[in-house]
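The report below goes through the chain shown here, beginning with its largest pocket and ending with its unusual backbone geometry.

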Amino acid sequence: AAPRDVPYAMPQSTTVTPAPMPPPAPTSYAPVAPAPLPKPRSKTGLLVLAILGALFLLGGGALMLINSGLVGPAKAPSLIGLSFDNARAALASNKAGFTLQQASDKQFNETVPANMICRQDPAPGGRCQKGQAIVVTLSRGPAVKVPDLVGQTGDAARATLMSVGKLPLQISDEQRYHDSIAAGQIMSQTPSAGTEVERGDAVRVVLSKGPEPQPAYVPDTETPPSGNWGWEHSDAPDEDIYRAVDSWIARWESGNANDYVMLCYHPDATIYSNKKNYTRSSFFAHQQNIMSPSANINISRGGIDISEGPDGTVQASFNLDYRRIGGKNGGYHSAGRQVLVFGDQGNRFGIIKDEFYK
């Protein structure tokens, strides 16, 4: 059957009123503690961090310098045998950036010529840093020992110096007296024998004028008459000899040539001393030249042997030690056997012969 039309009834709208909510129950809250504040950082920790940072930066900078080739390990090149200028040029072309310094003193070297580098620090091949200074020492060449030239003539000394090392000779214009070195021979030199010098260094010498001339004898106006020389006799001849010998020594030690010679020796006396023969006059002149009251003369003797000679002479012999400090010709020492022969003249006696043997 066909559907029927059934009328549709529209629903009625309704309003629903919600039930009221009960009031919320009261709530209690527990107190909450505040969060703790952060502790301040330690200053030591900050310092450590700063140092580490700086080291990091420095390490990075050093690494950059090393990578750039300006710093870092290197080996020192050999500069031995080069001149200073050539060594500096060689370092200028070296990429390691080495600098060159010269030591203040030179050194003798048997193999490296003069003015060439004979030593360096660091040594050739030694480990060093790029840019480091290399200190070099220049050679003085082989050392030459100065020979002994004393006693040689100028020509002989010049030949000697040329043979040992081509050392030039310089002869001083000044000449001096010397008792044992003949005139025209070298008496002193500078540098002294045995000194090491460079080849080509000059040696300066002084020539001798020979022994100083003795002054001409001039008679002493104060010399007493010849009759007053010597000593008076007594009744004891041996005691007279002892007294005369000791008086002779005392007058010698006084440094007065007049008292020593003119008052002790006979006018015709002969004197033999230091291998030379003298008369009383020449012996007086000799003693005037070497004696001085300011000199310190010390004479000692041994026991006296007394014996009689011909013609009534008496001989006294004894050991003698003579020392002189100061005076005109400086110090002197001599020791030997002394022989004095005494002769008479009236009531007096004195020395007629004097001999001394070393």
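In sorting residues by type, Ala, Val, Leu, Ile, Met, Phe, Trp, Tyr, Cys and Pro count as nonpolar, Asp, Glu, Lys and Arg as charged, and the others, Gly among them, as polar. By this division, the lining of the largest pocket holds 12 nonpolar, 11 polar and 6 charged residues. The model is a predicted one, in which local features need pLDDT of at least 70 and side-chain atom pairs count only at pLDDT 80 or more, while totals for chains, interfaces and linings use all residues. Residues are numbered from 1 along each chain as its sequence is written, and side-chain values use heavy atoms, with hydrogens and water left out.

The largest pocket (on a 1 Å grid over the protein atoms alone, an open set of points where a 1.4 Å probe fits, with protein on both sides within 12 Å along at least five of seven lines; lining residues have an atom within 4 Å of a point) encloses about 800 Å³ of space, a volume taken as the space filled by probe spheres set on the points, which are joined across faces, edges and corners. Its lining comprises 29 residues, of which Asn274, His286, Ile290, Arg324 and Tyr332 are the closest to its centre. Elements that give two or more residues to this lining include α4 (237-253), α6 (280-290) and β16 (314-325), and α6 supplies the largest share, 5 residues.

Helices (H or I, at least four residues) and strands (E, at least two) are DSSP runs, numbered from the N terminus, and the chain has 6 helices and 18 strands. Strands pair if DSSP finds at least two bridges between them; β15 (residues 305-308) and β16 are antiparallel partners over 4 bridges, with Glu308 bridged to Val314 in β16. The two strands form a hairpin with 5 residues between them, and Asp311 in the turn has a positive phi of about 60°.

Most residues other than glycine have a negative phi, and most peptide bonds are trans. Two cis bonds are tabulated here.

| Cis peptide bond | Omega |
|---|---|
| Asp121 to Pro122 | near 5° |
| Thr190 to Pro191 | about 0° |

Pro122 lies in the loop between β3 (117-121) and β4 (127-129), and Pro191 in the loop between β8 (186-190) and β9 (196-198). Asn115, not a glycine, has a positive phi of about 70°; with buried set at under 20% relative accessible area, exposed at over 50% and partly exposed in between (1.4 Å probe, protein chains only), Asn115 is partly exposed at 43%. Lys166, with a positive phi near 55°, is exposed at 56%.
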